[in-house]
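Notebook open, coffee poured. Today I look up how the ligand is held, and then the charged pairs.

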Amino acid sequence: MSIAVITADITTLAADAIVNAANETLLGGGGVDGAIHRAAGPQLLAACRALPQTAPGVRCPTGEARLTPGFALPARFVIHTVGPVWHGGGHGEAALLASCHRNALRLAREHGLRRLAFPAISCGVYGYPPPLAAAVAVTTLHEALAAHPDFELTLCCYGEGMRAVFQAALDAVA
Ligand code: AR6
């Protein structure tokens with residue numbers, strides 16, 4: 001089974017695509033989103049701006065995913081997805097977070113992208129408790145791998161604490 005958990009800055013990874021934990025505007029932000037935009041260069045913002053809006057100011061509704069080139073990144077593409085804001089767990093957060101992972105994988109398959117790296121979507125500013133988010137992420141990725149074993153998936157954590165949480169979740173499903 002090809003799911004690895006690592007500690008790294010996702011902007012340094014030469015994957016087919018790295019996944020961005022964005023917001024619905026796709027116009028950048030803090031956290032991993034800010035890091036990806038800084039490393040990719042201004043062409044990334046222009047490419048995001050060119051994506052169609054589905055509602056005023058919304059280029060990617062929560063749970064969906066969009067593809068752009070990676071520009072100056074070592075990764076060829078960026079898959080932007082928007083995780084749910086944590087509101088206590090009773091507002092569909094788990095289903096939305098699973099959708100992020102599933103839609104990112106679907107987009108990757110449609111474009112022949114096999115080697116993907118995911119950050120800990122929603123585990124920063126959006127406040128999702130990491131052990132709960134990690135369980136959703138690894139379960140969803142594990143199911144996708146069963147259907148499409150050619151994927152090489154990396155869960156890229158920023159710091160040892162987050163890596164340990166995601167590794168424990170992976171050990172629980174593997
Ligand atoms: N590489 C890998 N992981 C990182 C990096 C990096 N360079 N930088 C931060 N992380 P967050 P969210 C980790 O807040 O919770 C943005 O402003 C970070 O430590 O980036 O989905 C967007 O525009 C954390 O574990 O994303 C949205 O408005 C994880 O990435 C909002 O934040 C996710 O934290 C999205 O919030």
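For sorting residues, I count Ala, Val, Leu, Ile, Met, Phe, Trp, Tyr, Cys and Pro as nonpolar, Asp, Glu, Lys and Arg as charged, and the others, Gly among them, as polar. By that sorting, the shell around the ligand holds 13 nonpolar, 7 polar and 2 charged residues.

A note to self on the source: this is a predicted model, where local features need pLDDT of at least 70, side-chain atom pairs count only at pLDDT 80 or more, and totals for chains, interfaces and linings use all residues. Residues are numbered from 1 along each chain as its sequence is written, and side-chain values use heavy atoms, with hydrogens and water left out.

I looked up the neighbours (a heavy atom within 4 Å of the ligand). Of the 22 residues around the ligand, Asn23, Gly30, Val32, Asp33 and Gly124 come nearest.

Next I checked polar contacts to the ligand (N or O pairs within 3.5 Å). Asn23 places a polar side-chain atom 2.7 Å from a ligand oxygen atom. Ser122 uses a backbone N or O atom, 2.8 Å from an oxygen atom of the ligand. For Tyr126, a backbone N or O atom is 3.1 Å from a ligand oxygen atom.

Last, I turned to salt bridges (a side-chain nitrogen of Lys or Arg within 4 Å of a carboxyl oxygen of Asp or Glu). I find 6 of them by this rule. Asp16 pairs with Arg115, their closest N and O atoms 3.3 Å apart.

Definitions and conventions:
A polar contact is a pair of N or O atoms within 3.5 Å; within protein, one must be able to donate a hydrogen and the other to accept it, and residues adjacent in sequence count only if both atoms are side-chain atoms.
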